[in-house]
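Morning, everyone. I have one structure to walk through today, so let's put it on the screen.

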Amino acid sequence: MTGRASPALLQVDQLRIGFARPDGGRGIGIVVDGVSFSLHRGQILCLVGESGCGKSVTALSLLRLLPSPPALHLGGSIFFEGQDISSLSEKGLRSLRGNRAGMVFQDPMTSLNPVMRIEEQMTEGLRLHRGLSARQASLAALRMLERVGIANPEARLRDFPHQLSGGMRQRVMIGMALICDPSLLIADEPTTALDVTVQRQILALMRELMRATHGALLLITHDLGVVAQIADDVAVMYAGRIVEQGPAGVVLGKPAHPYTQGLLRSRPDVFVRKERLETIAGTVPSLWKIPEGCAFHPRCPHVMPRCREQAPPFFVLSEAQARCWLLE
């Protein structure tokens, strides 16, 4: 991880999140298992991995957005601006969410209120947290829609979510998350519904606004191209655990964990002609059937007997760290 002298804006230590069985049976499925990372002002951290690795659950847990039950906070701590998130009342959480900390959700159609116009949804936070008048909030919403690249923003403010395309809804969600100038922005796959040109513009906008407000960005993605474009640091997640983390240039340029290596080999390369893209054999394990030892061992091309029996700790490299017995 990149060293920084100032206190962390967000500090996550040994976070463990589980889910009760949907059928009411015994046992708890561990979705986030001992995740730790810090995020400083001015830093962009990307959390990457395949679907089902626990990235979105990690993100939602940071602002206590997971329904409980079935979600269970089994351990660990989350401190934001020195404040323990677990100790906040509902009033304190409402003051935090959408104000000091913003979030872009993965599916804008289910995150936007279908019976409220875009103007009402974008101005609500400004009126609640900033005390702006209706006119002031509307002007701020108009400017934000322009910044996120929505054409004819005056008309779009009067629309309902179903009247917008998927990409436009995604841009509205990004605008809503940024409109109060939060010091922390959590973005869960924010560019999946956007074409490549708009994706680049949106990533540049998020980076620009975070730099301008001296805030921090936690970006959840499985797109390593996005990671290479925007990240300062990378944390690679598999089966609920971070298996490798460090500066983006180091992790992407010289990956140490076999899982990270597999992710990078599976990317298309315009300079290399291939009949078929490489893949990682197998699938992410079910949270009810996490393998003993290293969770990646059933899919790892370098598996050893020890990998099946003992979970590896972090081994510190020159600039990064990774959980793999090959590094011992």
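I'll go from the overall fold to the strands, the cores, the backbone oddities and the charged pairs.

One caveat up front: this is a predicted model.

Start with the whole chain. It has twelve helices and twelve strands. The radius of gyration is 20 Å, close to the 20 Å that the globule rule gives for 328 residues, so the chain is as compact as a globular protein of that length. Along the principal axes, the C-alpha trace spans about 65 × 50 × 45 Å. Of the 328 residues, 48% count as buried. The exposed area is about 15,800 Å², and carbon and sulfur atoms supply 52% of it. Now contacts between residues at least 6 apart in sequence: 65% of them join residues at least 24 apart.

Next, the strands. There is an open sheet of four, in the order E2-E1-E4-E5, with antiparallel pairing. Its edge strands are E2, residues 28–39, and E5, residues 83–84; each pairs on one side only. Inside that sheet, E1, residues 10–20, meets E4 through eight bridges. One partnership to look at there is Gly18 with Leu72 in E4.

Now move along the chain to E10, residues 241–247. How many of its seven residues are buried? Six are, so to speak a mostly covered strand. E10 has partners in E9 and E12. With E9, residues 233–238, it forms six bridges and runs antiparallel. With E12, residues 321–322, it forms two bridges, again antiparallel. Gln245 takes part in both pairings: Ala235 stands opposite it, and in E12 its bridge partner is Gln321. The hairpin of E9 and E10 has two residues between the strands, and Ala239 there takes a positive phi near 50°.

On to the cores. The largest nonpolar core has 61 residues. Which members touch the most others? Met122, Met206, Leu217, Tyr238 and Tyr259. Helix H8, residues 196–212, gives the largest share of this core, with seven residues. Another core lies apart from it, with 35 residues, among them Val57, Ile85, Leu184 and Ala235. Ala235 is the residue we just saw opposite Gln245.

Zoom in on Tyr238. Leaving out residues up to four places away in sequence, its contacts include Val243, Tyr259, Pro285 and Phe296. Glu50 and Arg299 are also on that list. Keep those two in mind.

Now the backbone oddities. Look at the loop between helix H1, residues 55–62, and strand E4, residues 71–80, where Pro69 sits. Pro70 is in that loop too. A cis peptide bond joins Ser68 and Pro69, with omega about -5°. Another cis bond joins Pro69 and Pro70, with omega about 10°. Arg64 also belongs to the loop between H1 and E4. Arg64 is not a glycine, yet its phi is positive, about 55°. Its relative accessibility is 32%, so Arg64 counts as partly exposed.

Glu189 is another non-glycine with a positive phi, about 50°. You'll find it in the loop between strand E7, residues 184–188, and H8. Is Glu189 buried or exposed? Buried, at 5% relative accessibility.

Last topic: charged pairs. A search of the whole structure finds nine salt bridges. Back to Glu50 and Arg299: they form one of these, with the closest N and O atoms 2.9 Å apart. Glu50 is in the loop between E3 and H1, and Arg299 is in the loop between H11 and H12, so the pair ties together parts that are 249 residues apart in sequence. Glu50 is partly exposed, at 22% relative accessible area. Arg299 is buried, at 8%.

Then Asp159 with Arg156: the closest N and O atoms are 2.6 Å apart. Asp159 is buried, with a relative accessible area of 10%.

Glu328 pairs with Arg306, with the closest N and O atoms at 2.6 Å. Glu328 is in the segment after E12 and Arg306 is in helix H12, 22 residues apart. Glu328 is exposed, at 59%. Arg306 is partly exposed, at 31%.

Finally, Arg41, Glu81 and Arg100 are linked in a network of salt bridges.

That's the tour. Thanks.

Notes. Residues numbered from 1 in each chain as written. Predicted model: local features only at pLDDT ≥ 70, side-chain atom pairs only at ≥ 80, totals over all residues. Heavy atoms only, no water. Buried < 20%, exposed > 50% of the residue type's maximum accessible area, 1.4 Å probe, protein only. Pairing = 2+ DSSP bridges. Core = buried A, V, L, I, M, F, W, Y, C linked by side-chain atoms within 4.5 Å. Contact = heavy atoms within 4.5 Å. Rg over C-alpha atoms; globule rule 2.2 N^0.38 Å. Areas by Shrake-Rupley, 256 points an atom, 1.4 Å probe, with all protein chains shown as cover. Salt bridge = Lys/Arg side-chain N within 4 Å of Asp/Glu carboxyl O.
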